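Grab a pencil and keep the viewer open. Try each exercise yourself before you read its solution.

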Amino acid sequence: MVKISSSLEDYLEAIYILAQRGTAVRLTDIADFLAVSSPSVNRAIGTLKINGLVEHEAYGKILLSSKGKTQAGKVLRRHKLIKRFLTDTLGVDELSAEKDACRMEHVMSQQTIEKLYRYIDDKETAKQHRAD
């Protein structure tokens, strides 16, 4: 996995989410999604392209490379995991959980993420056993 800034991880995540919608992803789509300027998106895409995470021709659609898809998927899974923990376990409201998860996904260690996955899996397993 290429080490990139949290800001660039947000761009990868945005491209991944937008691509899931089934339409071509363009600079303006990312700018609108992240509420940032088009020049900021252009700079970020250039950096992601240099790192082999996206493919982009001038004025064309933006595609994640296989390496970019893998990295974006990991970021999105961390985000969803953290948000789920915040809402389901701690009872944080959706809006706050979304904002907090976006910040936390970039700073949590892999060890903490793995323990959080394990905690949620254990909790779900216990819940299923109680239902049986």
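**Exercise 1: one helix pair**

H4 and H6 pack with their axes 11 Å apart, at an angle of about 50°. Work out how the two helices are oriented and which residues make the contact.

*Solution.* A quick word on the ground rules: the model is predicted, local features need pLDDT of at least 70, side-chain atom pairs count only at pLDDT 80 or more, and totals for chains, interfaces and linings use all residues. Residues are numbered from 1 along each chain as its sequence is written, and side-chain values use heavy atoms, with hydrogens and water left out.

Step 1: take the angle. Axes are lines fitted to C-alpha atoms, for helices over the stretch in contact, and angles run from 0 to 180 degrees between N-to-C directions. Under 35 degrees counts as roughly parallel, over 145 as roughly antiparallel, 65 to 115 as roughly perpendicular, and the rest as oblique. At about 50°, H4 is therefore oblique to H6.

Step 2: find the handedness. A crossing is left-handed if the near helix is turned anticlockwise from the far one by less than a right angle, and right-handed if clockwise. H4 and H6 cross in the left-handed way.

Step 3: list the contact (heavy atoms within 4.5 Å). H4 brings Arg 77, Arg 78, Leu 81, Ile 82, Arg 84, Phe 85, Asp 88 and Thr 89, while H6 brings Ile 113, Leu 116, Tyr 117, Tyr 119, Ile 120, Lys 123 and Glu 124.

Step 4: sort them by class. Ala, Val, Leu, Ile, Met, Phe, Trp, Tyr, Cys and Pro count as nonpolar, Asp, Glu, Lys and Arg as charged, and the others, Gly among them, as polar. You should get 8 nonpolar, 1 polar and 6 charged.

**Exercise 2: a ring pair**

Find the 1 aromatic pair in the structure and classify it.

*Solution.* Step 1: know the test. Rings of Phe, Tyr and Trp (its six-membered ring) pair if their centres lie within 6.5 Å; planes under 30 degrees apart count as stacked, over 60 as edge-to-face and the rest as tilted.

Step 2: apply it. Phe 85 and Tyr 119 have ring centres 5.9 Å apart and planes at 80°, so they sit edge-to-face.

Step 3: place the pair. Phe 85 is in H4 and Tyr 119 in H6 (residues 110–131), so the pair ties together parts 34 residues apart in sequence.

**Exercise 3: buried or exposed?**

Decide how accessible Arg 78 is, then list what Arg 78 touches.

*Solution.* Step 1: locate the residue. Arg 78 belongs to helix H4 (residues 66–89).

Step 2: use the cut-offs. Buried means under 20% relative accessible area, exposed over 50%, partly exposed in between (1.4 Å probe, protein chains only). With 10% relative accessibility, Arg 78 is buried. Tyr 119, at 40%, is partly exposed.

Step 3: look around. Ignoring neighbours within four places in sequence, Arg 78 contacts Met 1, Glu 9, Glu 105, Ile 113 and Tyr 117.

**Exercise 4: another helix pair**

Describe how H2 and H3 cross, and say what Ile 45 touches.

*Solution.* Step 1: the axes of H2 (residues 27–34) and H3 (residues 38–50) come within 9 Å and cross at roughly 115°. The two helices are therefore roughly perpendicular, and the crossing is right-handed.

Step 2: the contact uses Leu 27, Thr 28, Ile 30 and Ala 31 of H2 with Ser 38, Val 41, Asn 42 and Ile 45 of H3.

Step 3: zoom in on Ile 45, which is buried at 2% relative accessibility. Not counting residues up to four places away in sequence, Ile 45 touches Ile 15, Leu 27, Ile 30, Val 54, His 56 and Ile 62.

Methods: Helices (H or I, at least four residues) and strands (E, at least two) are DSSP runs, numbered from the N terminus.
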